[in-house]
Amino acid sequence: MMPANGLKRVGVIGAGMVGVCAASWLQRDGHSVFLVEAGEPGHGASFGNAGCFNGSSVTPVAMPGVIRNVPLWLLDPLGPLSLRWSYLPTIAPWLVRFVRAGTPDKVRAQARALRPLVGPTLEALKPLVSAAGAEDLLHRLGHLYVYRSEESLGKDRLAWELRRENGVEIDEFDADELRQLEPALSRDYVRGVLVRENGHTSNPLKLIERLLEHFLRSGGEITHARAHGFRLDGRRLAAIQTDSGELRADAAVVCAGAYSKPLAVALGDRVPLETERGYHLMIRDPETTPRIPTADADGRFVATPMDTGLRFAGTVELAGLAAPPDWRRARILLEQGRKMLPGLAASHPEERISVWMGHRPSLPDSLPVIGRSRASPDVFYAFGHGHVGMTAAPMTGKIVADLVGGRPPAIDITPFAAGRFD
Ligand SMILES: Cc1cc2nc3c(=O)[nH]c(=O)nc-3n(C[C@H](O)[C@H](O)[C@H](O)COP(=O)(O)OP(=O)(O)OC[C@H]3O[C@@H](n4cnc5c(N)ncnc54)[C@H](O)[C@@H]3O)c2cc1C
């Protein structure tokens, strides 16, 4: 029986950045909240990303220019995109939707939908970070995009237009100004664009762990189990089904990142969720580092100064959830990073290098799935945040708390409905 005060027992499936933010916002509303996590909290995609909280990240992946570049990238072994050809038949329907999502009109609509979700990221994260005593892990120094030619800046014209149209303010720099701003950068870069509103964390895992510790100290619980379905009583949720038995709940939220698809299918929602695998390579005690996160716009990777070293993160590999990592993809980042920062040594002892691969949870239109499930008014989705899941997590958590609490969400979530793919 649900308590008369509207407070519920809520199960949040998945303890990545999205699940932990959702659990934290739900707990602040007074609900009794438990996380269900199959692995280690914070060790999914949220572990090894570039750590950027970029409110300016409104540009979908399937931009018209990107789609034109795909054939060239696939032929370039150092390119930012790779496809395991054996995976092509599986991913083909997703790719068709991806290409269709990349028309100028559609990307404008996607950007408009994303801005209210990502724009207030730092504002929505701050209360959680302050309560958790994690301020030292969050920085607001901006995000720098660098270009090797006027031509490559020109290719990004639509992306910058979309950001401007959505209220993102930018500062542009020529080669000399760029040198003053970031002396560590190669002189090959001739143009830079700085977005001052953006922030980053110097340790994504530690940030999640601190938020989780605070959640647990405040009465939250975590169950180590793999969720595989839901027991419904009519349309009302009775329990979350896991490999360790049933967990009673009045409401549930699916935040299982790239692994959310079967849980949505169990609720009658067929969403084209895929994974865009990404890599990072880190150098401990680097000889040089940029001051702020810096994106090489041509190479499509980001260099982020972290507590534990310098992290190069990026690239997209389409190969599904099961294939083993192709560590050459991470090594490419080292080659590119050395070109970006010539002060780095030409070789590093292996003990100072670490590599990682993670699964971005991606829908073809670069929008997440947030909202109510088809089968039950008590089960909600919050997954599929693709390249911007760290950034979008704090607002997603707030929206989830609104939905569970029966309040209209602070922003329009109709573009994020699971049913948009029907
Ligand atoms: C190389 C790279 C760089 C990136 N850089 C950035 C960036 O700078 N900024 C940004 O905003 N985003 C970035 N991203 C994207 C971001 O990392 C992801 O969008 C985000 O981490 C997704 O968070 P999540 O909580 O949805 O998923 P995850 O972090 O993957 O968490 C999902 C959790 O659910 C658990 N789980 C799965 N299935 C079940 C189940 N059945 N039962 C119980 N638990 C389950 C998993 O074990 C996992 O812990 C990057 C991604 C990559 C790969």
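# Burial, contacts and ligand cover

Me: Leaving aside its neighbours within four places in sequence, which residues is S82 in contact with?

Reply: In this predicted model, S82 is in contact with L74, V316, E317, L318 and R329, once neighbours within four places in sequence are left out. S82 itself belongs to strand β4, residues 81–83, and its C-alpha atom is separated by 9.2 Å from that of V70, twelve residues away along the chain.

Me: Why is S82 called buried?

Reply: The relative accessible area of S82 is 15%, and buried means under 20%, so S82 is called buried.

Me: What makes L333 a buried residue, and where is it placed?

Reply: L333 sits in helix α12, residues 328–340, and has a relative accessible area of 0%; since the limit for buried is under 20%, L333 is therefore classed as buried. Leaving aside neighbours within four places in sequence, its contacts are Y279, H280, L281, F301, F312, A313, G314 and T315. For one of these, A313, the C-alpha atom is 7.2 Å from that of L333, although their positions lie 20 residues apart in the numbering of the chain.

Me: How do you know that the span of helix α10 agrees with what is expected at 1.5 Å a residue?

Reply: Helix α10 covers residues 204–217, and its 14 residues should span 20 Å at that rise; the end C-alpha atoms are 20 Å apart, so the two values agree. The buried residues of α10 are P204, L205, L207, I208, R210, L211, L212 and F215. Just after this helix, G219 takes a positive phi of about 105°.

Me: Why are S202 and N203 called buried?

Reply: S202 has a relative accessible area of 4% and N203 has one of 12%; each value is set against the limit of under 20%, and so S202 is buried and N203 is buried. S202 is found in the loop between β9 (199–201) and α10, and that loop is also the place of N203.

Me: Which residues does S202 touch, and which is N203 in contact with, leaving aside neighbours in sequence?

Reply: Not counting residues up to four places away in sequence, S202 touches D136, L137, H139, P305, M306 and D307. With neighbours within four places likewise left aside, N203 is in contact with L137, M306, D307 and T308. In addition, a polar atom of the N203 side chain lies 3.1 Å from the backbone nitrogen of K206.

Me: Why is D285 called exposed, whereas R300 is called partly exposed?

Reply: D285 has a relative accessible area of 54%, and exposed means over 50%, so D285 is called exposed. R300 has 35%, which falls between the limits of 20% and 50%, and R300 is therefore called partly exposed. D285 lies in the loop between β15 and β16 (294–296), and R300 lies in the loop between β16 and β17 (301–306).

Me: What makes the phi values of D285 and R300 worth noting?

Reply: D285 has a phi near 45°, a positive value in a residue other than glycine, and R300 has a positive phi of about 55° although it is not a glycine. Most residues other than glycine have a negative phi.

Me: How do you know that the length of helix α5 is close to the expected value?

Reply: Helix α5, residues 104–118, has 15 residues and reaches 21 Å from its first C-alpha to its last, close to the 21 Å expected at 1.5 Å a residue. Its buried residues are V107, Q110, A111, A113, L114, R115, L117 and V118, and what covers them includes α3 (64–75), α6 (121–132), α8 (157–165), β20 (369–372) and α13.

Me: Which polar backbone atoms lie beside the ligand, and how much of its accessible area does the protein cover?

Reply: A ligand oxygen is 3.3 Å from a polar backbone atom of M17, a ligand oxygen is 3.4 Å from a polar backbone atom of G51, and a ligand nitrogen is 2.9 Å from a backbone N or O atom of A227. The protein covers 94% of the 1000 Å² of accessible area that the ligand has on its own. The elements giving two or more residues to the shell include α1 (17–28), β2 (32–37) and α13 (389–404). Of the 36 residues around the ligand, E37, S46, C52, G386 and T391 come nearest, and the shell divides into 19 nonpolar, 14 polar and three charged residues.

Terms used: Residues are numbered from 1 along each chain as its sequence is written. This is a predicted model: local features need pLDDT of at least 70, side-chain atom pairs count only at pLDDT 80 or more; totals for chains, interfaces and linings use all residues. Side-chain values use heavy atoms; hydrogens and water are left out. A residue is near a molecule or strand if one of its heavy atoms lies within 4 Å of it. A polar contact is a pair of N or O atoms within 3.5 Å; within protein, one must be able to donate a hydrogen and the other to accept it, and residues adjacent in sequence count only if both atoms are side-chain atoms. Accessible areas come from the Shrake-Rupley method with a 1.4 Å probe; for residues, only the protein chains shown count as cover. Helices (H or I, at least four residues) and strands (E, at least two) are DSSP runs, numbered from the N terminus. Ala, Val, Leu, Ile, Met, Phe, Trp, Tyr, Cys and Pro count as nonpolar, Asp, Glu, Lys and Arg as charged, and the others, Gly among them, as polar. The expected span of a helix is 1.5 Å times one less than its number of residues. Buried means under 20% relative accessible area, exposed over 50%, partly exposed in between (1.4 Å probe, protein chains only). Contact means heavy atoms within 4.5 Å.
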